[in-house]
Protein chains: 2
Amino acid sequence: MSHLGYPCLMALDRDHVLRSAATLLTRKSTATMDEVAKAAGISRATLHRHFAGRDALVRALEALGIAECEAALDTARLDEGPAGEAVHRLVRAIEPAAGLLAFLYTENQLFEGEEQNQGWARIDERLTSVFRRGQETGEFRIDLTPAWLTEALYGLLASGAWAVSEGRVAANDFTYMIVELLLGGARRTTA
Amino acid sequence: MSHLGYPCLMALDRDHVLRSAATLLTRKSTATMDEVAKAAGISRATLHRHFAGRDALVRALEALGIAECEAALDTARLDEGPAGEAVHRLVRAIEPAAGLLAFLYTENQLFEGEEQNQGWARIDERLTSVFRRGQETGEFRIDLTPAWLTEALYGLLASGAWAVSEGRVAANDFTYMIVELLLGGARRTTA
DNA sequence: CCCAAGTGAGACATCTTTGTCTCACATTGG
DNA sequence: CCAATGTGAGACAAAGATGTCTCACTTGGG
């Protein structure tokens, strides 16, 4: 270990802890710090050395979720090509983070403080704008508001992640099911 | 009060307590028994006289949610007429219970016991069957499985309830937004 | 009026979770 | 080999939630 206090393996460990915490908390949102530590294969003491407390852990998960969302938004290049294909790219890019998103989406405790993380506002803005763009180009219908389509996308991502983890939907079908339902709906169009 | 121990006002009180508990827990799923009692306008002691403990309260909410779901399923007469209209009737009938459903849907603690309430299985069966009927009559596409459509309906109901309570969607648009997205999707069909 | 039932307020012990601490052990680099 | 760092295990107190109890008060029927 360096004399200068470099967090040599700490960074990797921290990310690994966050990942396993996200997996566990997605399945059981009331898991204790001890359960989180065990799920990560470390002791509760070490967990506390990484995150000051449960609140700090949840905040770190929130930051991770926001970062992954924004990375997916960048990858998807939402402002290129038809809006429908942009949404498709977005769902495909965000799929690995869907479980974490589902946890954060239902963690309403995050939003009761007066100052909520601005990251969500930026993400909401980017999502609504792609739906708005689709409406302006005539690709999307205008009677469903961009705000509602954004909200519905969150809900479908959460439902999809949950359905896959419960075995009710095949993991390979995740993106297809969500995109087809969100864009095309259940009704047959080639009647 | 009768000498025979009739629960004259108890029944009404109990229902009122359940309603306010559902409203509060939908908004803050970690509310304490004291908060639940205050929200219902009663003391914690009286709350405990109605429900043996927190677990019993959540179970009662689950039973209430199941009962309201099944009532809505009966009201909607899912096996009559086109499947799309049946789904529309269902969402309209289930709208008042959407908040409660959203709470129960995210209360994954309900499903970690080995024996989960059979009521959900019955409801799932009735929901999937209406989607299956729509597929068999050619009204719905067949590449989205009935199980996924059922799951997505739950997710959209939860998203809708949340969006309304946050003011992002007008309460009057609840049914329309959900039904149109679920059945028709975001894409314009009259291209 | 009187009594029974229900209620609210509060005290109380208990349990769980949390946050902090110490100490022994393992690993790694010099 | 040795020193430094990180870790696991466990003890510990503090905080919060829960479940139970008592007691005084109110209300409604007889």
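## Exercises on a predicted model

B:R77 is partly exposed, its relative accessible area being 38%. The model behind this value and those below is predicted.

**Exercise 1.** Where does B:R77 lie in chain B, and what is notable about its phi?

Solution.
- Step 1. Locate the residue: B:R77 sits in the loop between α4 (54-76) and α5 (83-94) of chain B.
- Step 2. Read the backbone angle: phi of B:R77 is positive, about 45°, although the residue is not a glycine.
- Step 3. Set this against the general pattern: most residues other than glycine have a negative phi.

**Exercise 2.** Place A:R77 in chain A and decide whether A:R77 is buried, partly exposed or exposed.

Solution.
- Step 1. A:R77 belongs to the loop between α4 (54-76) and α5 (83-94) of chain A.
- Step 2. Its phi is near 45°, a positive value in a residue other than glycine.
- Step 3. The relative accessible area of A:R77 is 38%. Partly exposed covers the range between 20% and 50%, so A:R77 is partly exposed.

**Exercise 3.** Describe the setting of A:A45 and its separation from A:D34.

Solution.
- Step 1. A:A45 is part of helix α3 of chain A, which covers residues 44-50.
- Step 2. With a relative accessible area of 41%, A:A45 is partly exposed.
- Step 3. Along the sequence, A:A45 and A:D34 are 11 residues apart; in space, their C-alpha atoms are 9.2 Å apart.

**Exercise 4.** Which domains does the assignment give for chain A, and how far apart are their C-alpha centres?

Solution.
- Step 1. The assignment for chain A gives domain 1 (1-51) and domain 2 (61-184).
- Step 2. The C-alpha centres of these two domains lie 27 Å apart.
- Step 3. Their contact takes 7 residues from domain 1 of chain A and 7 residues from domain 2 of chain A.

**Exercise 5.** What area is buried between domain 1 and domain 2 of chain A, and which residues of domain 1 lose the most area?

Solution.
- Step 1. The buried area is about 650 Å², and carbon and sulfur atoms give 70% of that.
- Step 2. On the side of domain 1 of chain A, A:L18, A:R19 and A:T26 lose the most area to domain 2, together 58% of what that side buries.

**Exercise 6.** How many salt bridges are counted between domain 1 and domain 2 of chain A?

Solution.
- Step 1. The count is 1 salt bridge.
- Step 2. A:E68 forms a salt bridge with A:R19, with the closest N and O atoms 2.5 Å apart. This separation lies within the 4 Å cut-off.
- Step 3. By class, the side of domain 1 that touches domain 2 in chain A has 4 nonpolar, 2 polar and 1 charged residues.

Definitions and conventions. Residues numbered from 1 in each chain as written. Chains lettered and ligands numbered in written order. Predicted model: local features only at pLDDT ≥ 70, side-chain atom pairs only at ≥ 80, totals over all residues. Heavy atoms only, no water. Helix = DSSP H or I, 4+ residues; strand = E, 2+ residues; numbered from the N terminus. Buried < 20%, exposed > 50% of the residue type's maximum accessible area, 1.4 Å probe, protein only. Domains from an automatic or database assignment. Contact = heavy atoms within 4.5 Å. Buried area = accessible area lost by both parts, 1.4 Å probe. Salt bridge = Lys/Arg side-chain N within 4 Å of Asp/Glu carboxyl O. Nonpolar A, V, L, I, M, F, W, Y, C, P; charged D, E, K, R; others polar.
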